[in-house]
Amino acid sequence: MSSSNLPDELWRQILEIGIRNSKFTYKDLCCISISCRRLRRLSSEDSLWSHLLFSDFAQPFTASAKSVYKIRYEKEKGRKLAAHRRAVLRAESQIMERQRRTVEIQNLLRLETQKMRAAANEFSNLHKIRQASLALNVWQPEVIRSRQKQMVEQCSVPVESRLHSLEMELKLCKHQISGFKKAYRDEIQRLETAKQELASLKYHPLRDYKSTDICEGGECNKRRKKLKFWINAPDPDGNHH
């Protein structure tokens, strides 16, 4: 039996059941209305729009539910756009903060690396002085011995205690650098997440950011299949739309 042979009352009941069971939204009803003249007439009835008006906006039935729904929808659309702008500004602010924090961590990492290199150079020089001091106790050619003696005499700090301090400082620098690198990776990941969220916000400007409706269990695909069937169904004159 072709869908064009179904009586209006049966189509009306199908639409009412879909709306009352929250399977149809205003978008579905508008899509149905452009499929053929018959469904356009049926989908414009106040009995359908009054239920949508009450379920979406808690608005009681009025003389022209569809026109009231349109007015309320425009107001709701404006509210969603304003909420969207605020959400975009918050996301952009988060991105700027993440970028600032990333640069700050990079600067701290660079300073700590420079500090570790300076400590490593001093540690290397003092280690050479300690070796030269020990070498003075054994026989060496006079040229080498005089050079090593000069190195030891020019050192004005206690070698052993300073080497111990530098060793502890190098360990601390390595620990700090490791922490900065981890913080940098985490911040980069947060930055990428914030950028993805911003891209999603810009892609969905009319999403309700208070209670986003997400189709579950393949409901969206089922609706598309139903609408595709109705759009391709012939009208009472036997013509396809």
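L39 is a good place to begin: in this predicted model, L39 is buried, with a relative accessible area of 4%. Because the cut-off for buried is under 20% relative accessible area, that value of 4% puts L39 in the buried class. Its place in the fold is helix α3, which covers residues 37-43. L15 lies 24 residues away from L39 along the chain, and the C-alpha atoms of the two are separated by 9.8 Å.

L39 and L15 also appear together in the largest nonpolar core, which has 17 residues. Those with the most contacts inside this core are L15, I19, L29, L39, W49, L52 and Y69. Two or more residues of the core come from each of these elements: α1, α2 (26-33), α3, α4 (46-57) and α5. The most is given by α4, with four residues.

**Helix α1**

How far apart are the end C-alpha atoms of helix α1? They are 18 Å apart, which agrees with the 18 Å expected for the 13 residues of this helix (residues 8-20) at 1.5 Å a residue. Within α1, the buried residues are W11, R12, L15, E16, G18 and I19. Seen down the helix axis, the buried residues of α1 fall within an arc of 160°, so they line one face of the helix. An α-helix has 3.6 residues a turn, so residues three or four places apart point the same way. I17 and R20, on the other side of α1, are exposed.

**Two buried residues of helix α5**

Let us move on to helix α5, which spans residues 65-135. T102 has its place in this helix, and A91 is found there too. T102 is buried, at a relative accessible area of 6%, and A91 also counts as buried, at 6% relative accessibility.

Which residues does T102 meet, leaving aside its neighbours within four places in sequence? T102 is in contact with Y184, E187 and I188. A91, not counting residues up to four places away in sequence, touches L198 and L201. In sequence A91 and L201 are 110 residues apart, yet from C-alpha to C-alpha they are 8.6 Å apart in space.

**Cysteines and a short comparison**

The structure holds zero disulfides. As for individual cysteines, C31 is partly exposed, with a relative accessible area of 31%, while C173 counts as buried at 1% relative accessibility. The table places these two beside the other residues discussed above.

| Residue | Relative accessible area | Class |
|---|---|---|
| L39 | 4% | buried |
| T102 | 6% | buried |
| A91 | 6% | buried |
| C31 | 31% | partly exposed |
| C173 | 1% | buried |

**The whole protein**

Stepping back, what does the protein hold in the way of helices and strands? It has eight helices and zero strands, and along the sequence the pattern reads α-α-α-α-α-α-α-α. Of the 241 residues of the protein, 28% count as buried. Among contacts between residues at least 6 apart in sequence, 66% join residues at least 24 apart. The accessible surface of the protein comes to about 16,500 Å², and 55% of that surface belongs to carbon and sulfur atoms.

Key
Residues numbered from 1 in each chain as written. Predicted model: local features only at pLDDT ≥ 70, side-chain atom pairs only at ≥ 80, totals over all residues. Heavy atoms only, no water. Expected span 1.5 Å × (residues − 1). Buried < 20%, exposed > 50% of the residue type's maximum accessible area, 1.4 Å probe, protein only. Arc of directions from axis to C-beta. Contact = heavy atoms within 4.5 Å. Core = buried A, V, L, I, M, F, W, Y, C linked by side-chain atoms within 4.5 Å. Disulfide = S-S within 2.5 Å. Areas by Shrake-Rupley, 256 points an atom, 1.4 Å probe, with all protein chains shown as cover.
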